[in-house]
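Reader: I'd like to go through this model with you and ask how the labels are earned. Can you take me through it?

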Amino acid sequence: MTDAERTTGRTRMVGGLRAADAGARLRLAGWVHRRRDLGGLIFVDLRDRSGLVQISFGPEWTNAEGIAFAQELGSEDVITVEGVVTLRPEKARNPEIATGDVEVRVHTLARLSRAETPAIPVARAPNEELPAEELRLRHRPLDLRRPELQRNLILRHRLALATRRYFDSLGFLEIETPILTKRTPEGARDYLVPSRIHRGEFYALPQSPQLYKQILMVAGLDRYFQIARCFRDEDLRADRQPEFTQIDVEASFVEQDDILGWTEGLMAVLAREAGLEAEPPFPRLRYPDAMERFGSDRPDLRYELEIQDWTRPLAALDFPPLRAAVADGGRIRGIRVTGGARASRRTLDELAETAKTAGAPGLLWVKKNDGQPSGPLARTMTAGSLEALGLADGDLALAVAGTDRVTSPALAAVRLAAARALKLPATRPHAWLWIVEFPLFEVTDGGALAPSNHPFTRPWVEDLERLETDPLSVRSFAYDVVYNGTELGGGSLRIHDAALQRRVLRVLGVGDREIDAKFGFLLEALRSGAPPHGGIALGLDRIVMQFGGAGSLRDVIAFPKTTAARALFERAPSPVTPEELADLHLRRAEDAPGVDLG
């Protein structure tokens, strides 16, 4: 059949063909994955998103024209075939693919589209290294043909569908909130969109639907959810993108346990969909305890390494750096690694670099083998100090000295690096955890007071008397859900009293005029009769990444941005003409005489 004699229909997808289908006459369509020409026989691996199947062309079942046409097929050509499903000979079966017991003997062939030589390979050997990521993103349509990326996107679809079914069963309503909205500070930079109609005014793309979902509660739509697109103009990492998707939830007349229970139920449903485990109820850990024991508010509890306070036994040693750190108001904290004395000097040097990268001046260590200590601290260690550290033969102690702002992040990083480097066994494969009782405020690196979660989080009633006098001691009803050391989402109970909301904003240094300008619509809504309410936002991208075993968010998003916030395939962002800018009442700074933007 020639290119002109095309038929585009298909009766089956290829990935479901099995031995039970032998004898069936089918029409299939897909891409040429590989072609092997064995003289009189031609074998092609035909691919669609459901998998691969081998199709064959031979003189006994394909006419001469069809065989000649098959010899011209190139990689990634799009074809359609008609043929009969046939059992492969026993020795020719392929256990590596689900369709490996059968092949389709082709009677007729049509090429629907001829492909240029692919810029990046789609068909790869099992251990073949992938092309550079930027090259793959530049040729994203080809990259998306990889089975692993298609599996991730299929999983994403299934999890989103399961989410909708789950919340619908609980009486939640899916309600869309605006994309073009008002700028309201939520901790990151906004993406601004100039208005053509209203000169000099801008919309903002939402960092989250936070205020809208609170207003929906005021409106009486007491159970809301949305699979929402959100935008944040911030520096990117493997687990961040400038635009992302979150499972957004809010409900009225609830307490913290209600939100946590619903979330645990959702995680159990989604984990089951992905073939994993999530068994509610999840353990809960207070924020201060998490920071003390693990140095992080998202600890990976697959490993039981805990941070300990060794100030008392180690500050007494004749080791000036330790004494100086304690004299400056710091502590000496560390981790005991059972069996860690097998660590090589190279491994210990790498752990020290990990601590320095996380902000510590260095990492001290001591091993114990055959009753004898070794390492930088060994010379000053006594039997009593070794005993105080709990070191048994074969153990390793890793220590950092300084303030908690130094020791906590350093030991959190060292803890995970040591577990990986020493291949420590995980005590549980799926470590779920709630972090609760966050402080309402925190101090930024610049010394300013900032909300730990966001400024709409409800403080503990018992702590309100200290709101202005000792704000850092005020606790909040905020909570994060953590899976294997990754925060999958967070939320809080909200402030539903307009006077208290204004009071919290004032503590943050926001004046009344600015409050009214930026948050006046929220306060107006709260004054109209607001029910107690709370919710949570869960990162769908992160959930798919974790449940699918992907190494990056870019592997679970169809068209992601690079770490430089560029879309390489569609080449965005891109320049616009002066005329297009003028239509939006804008011009470039270099075209504006006398304007210096620094």
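Author: Sure. The chain has 16 helices and 22 strands. Those are DSSP runs, H or I over at least four residues for a helix and E over at least two for a strand, numbered from the N terminus. The model is predicted, so local features need pLDDT of at least 70 and side-chain atom pairs count only at pLDDT 80 or more, while totals for chains, interfaces and linings use all residues. Residues are numbered from 1 along each chain as its sequence is written, and side-chain values use heavy atoms, with hydrogens and water left out.

Reader: What are the overall dimensions of the chain?

Author: Along the principal axes, the C-alpha atoms fill a box of roughly 90 × 75 × 60 Å. Of the 598 residues, 47% are buried. Among contacts with a separation of 6 or more, 69% are between residues 24 or more positions apart; contact here means heavy atoms within 4.5 Å.

Reader: Why is T62 called buried?

Author: Buried means under 20% relative accessible area, exposed means over 50%, and partly exposed is in between, using a 1.4 Å probe on protein chains only. T62 comes out at 5%, so T62 counts as buried. T62 sits in the loop between strand 3 (51-57) and helix 1 (64-71). Beyond its neighbours within four places in sequence, T62 is in contact with S56, F57, I67, V106 and H107.

Reader: What makes the T62 side chain and the backbone oxygen of V106 a polar contact?

Author: A polar contact is a pair of N or O atoms within 3.5 Å; within protein, one must be able to donate a hydrogen and the other to accept it, and residues adjacent in sequence count only if both atoms are side-chain atoms. Here a polar atom of the T62 side chain lies 2.5 Å from the backbone oxygen of V106.

Reader: And G394, why is that one buried or exposed?

Author: G394 has 18% relative accessibility, so G394 falls on the buried side of the cut-off. You'll find G394 in the loop between helix 11 (383-389) and strand 16 (396-402). Leaving out neighbours within four places, its contacts are G339, G340, A341, K368 and N369. The C-alpha atoms of G394 and A115 are 61 Å apart, with their positions 279 residues apart along the chain.

Reader: How do you know that helix 5 (residues 210-218) is mostly covered?

Author: Seven of the nine residues in helix 5 are buried. They are Q210, L211, K213, Q214, L216, M217 and V218. These buried residues pack against strand 9 (223-231), strand 10 (243-252), helix 14 (512-527) and strand 22. Just after helix 5, G220 has a positive phi of about 95°.

Reader: What makes helix 15 (residues 540-548) mostly covered?

Author: Seven of its nine residues are buried, namely L540, D541, R542, I543, V544, M545 and F547. Helix 15 is followed by G549, with a positive phi near 70°.

Reader: What makes something a nonpolar core, and which residues touch the most other members of the largest one?

Author: A nonpolar core is a set of buried Ala, Val, Leu, Ile, Met, Phe, Trp, Tyr and Cys residues joined through side-chain atoms within 4.5 Å. The largest has 41 residues, and I247, M267, L270, W432, I543 and F547 touch the most other members. Helix 6 (residues 256-273) gives the most to this core, seven residues. Not counting residues up to four places away, M267 touches A278, F282, W432, L488, L538 and I543. There is also a second, separate core of 24 residues, including A360, L411, A417 and L422.

Reader: How many cavities of 30 Å³ or more are there, and what earns the name?

Author: A search of the whole structure finds four. On a 1 Å grid over the protein atoms alone, a cavity is a set of points where a 1.4 Å probe fits but cannot get out; a pocket is an open set with protein on both sides within 12 Å along at least five of seven lines, and lining residues have an atom within 4 Å of a point. The second largest cavity has a volume of about 40 Å³, where volume is the space filled by probe spheres set on the points, with grid points joined across faces, edges and corners. Its lining is F167, V249, I259, W262, T263, L266, I536 and L538, with four of these residues from helix 6.
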